[in-house]
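Student: I'm new to this structure and I'd like a close look at a single part of it. Could you pick one helix and walk me through its surroundings?

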Amino acid sequence: MNTFITEKAFLVKDKNNSSYLKETKHCHVGNEKIKKQLESLIIGKMTNRQKAEKIFLFVRDKIEDEFYSDTKYGSIVTLDRKKGNCVDKSHLLNALLRTAGIPARYKVGNVRFFKSGYSDH
């Protein structure tokens with residue numbers, strides 16, 4: 001399996017990782033729908049890296065891209081709709097990872113779009 005996940009992805013600044021496991025307004029950690037989806041992805045004994053790869057590939061490959069600004073739906077509705085923008089897909093990714101006990105955080109960068117200039121992404 002060839003993905004962009006590296007061992008560095010698991011290194012976080014918070015030494016006890018507690019802030020990277022918490023629920024937030026749009027990242028619904030421990031929600032029943034999130035748990036059910038996680039159970040369908042994580043089968044048998046898997047390392048955290050294997051779990052992270054399965055979760056990442058699910059969000060990348062099974063959640064359709066939509067284009068709108070900011071967040072509209074959060075993790076649960078994005079999972080239900082099976083589509084969302086980069087922000088809502090990030091909420092879903094983090095909710096799945098955190099529910100699996102894998103510390104996850106958000107990272108924002110700037111992307112230059114051809115006609116409209118720069119935007120957070």
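Tutor: Let's start with a term we'll need: a residue is called buried under 20% relative accessible area, exposed over 50%, and partly exposed in between. Keep in mind that this is a predicted model. The part to look at is helix H4, which covers residues 86-99. Cys86 has a relative accessible area of 29%, so Cys86 is partly exposed. Cys27 is another matter: its relative accessibility is 0%, so Cys27 counts as buried. As for disulfides, the count is 0.

Now for the helix as a whole. H4 has 14 residues, and at 1.5 Å a residue they should span 20 Å. The C-alpha atoms at its ends are 20 Å apart, so the model agrees with what's expected.

Next, the two ends. At the start of H4, Asn85 brings a side-chain oxygen to within 3.1 Å of the backbone nitrogen of Val87. Just after H4 comes Gly101, with a positive phi of about 85°.

What about the residues along the helix? The buried ones in H4 are Asp88, Lys89, His91, Leu92, Asn94, Ala95, Leu96, Leu97 and Arg98. Their cover includes three helices, H1 (32-41), H2 (48-62) and H3 (74-81), along with strands S1 (64-65) and S2 (83-84).

Two of those buried residues deserve a second look. Leu92 and Leu96, together with Ile55 and Phe58, touch the most other members of the largest nonpolar core, which has 19 residues. H1, H2 and H4 are the elements that give two or more residues to this core. In soluble globular proteins, nonpolar side chains tend to be buried together. If you zoom in on Leu96 and leave aside neighbours within four places in sequence, you'll find contacts with Ile34, Gln37, Leu38, Ile55, Phe58 and Val59.

Finally, a quick stop at H3, one of the elements covering H4's buried residues. Arg81 sits in H3, and with a relative accessible area of 26%, Arg81 is partly exposed. Not counting residues up to four places away in sequence, Arg81 touches Glu66 and Tyr73. The side chains of Arg81 and Glu66 are joined by a polar contact of 2.9 Å. Try finding Glu64 too: Glu64 and Arg81 are 17 residues apart along the chain, and their C-alpha atoms are separated by 9.0 Å.

Methods:
Residues numbered from 1 in each chain as written. Predicted model: local features only at pLDDT ≥ 70, side-chain atom pairs only at ≥ 80, totals over all residues. Heavy atoms only, no water. Helix = DSSP H or I, 4+ residues; strand = E, 2+ residues; numbered from the N terminus. Expected span 1.5 Å × (residues − 1). Buried < 20%, exposed > 50% of the residue type's maximum accessible area, 1.4 Å probe, protein only. Contact = heavy atoms within 4.5 Å. Polar contact = N/O pair within 3.5 Å; in protein donor to acceptor, adjacent residues only side chain to side chain. Core = buried A, V, L, I, M, F, W, Y, C linked by side-chain atoms within 4.5 Å. Disulfide = S-S within 2.5 Å.
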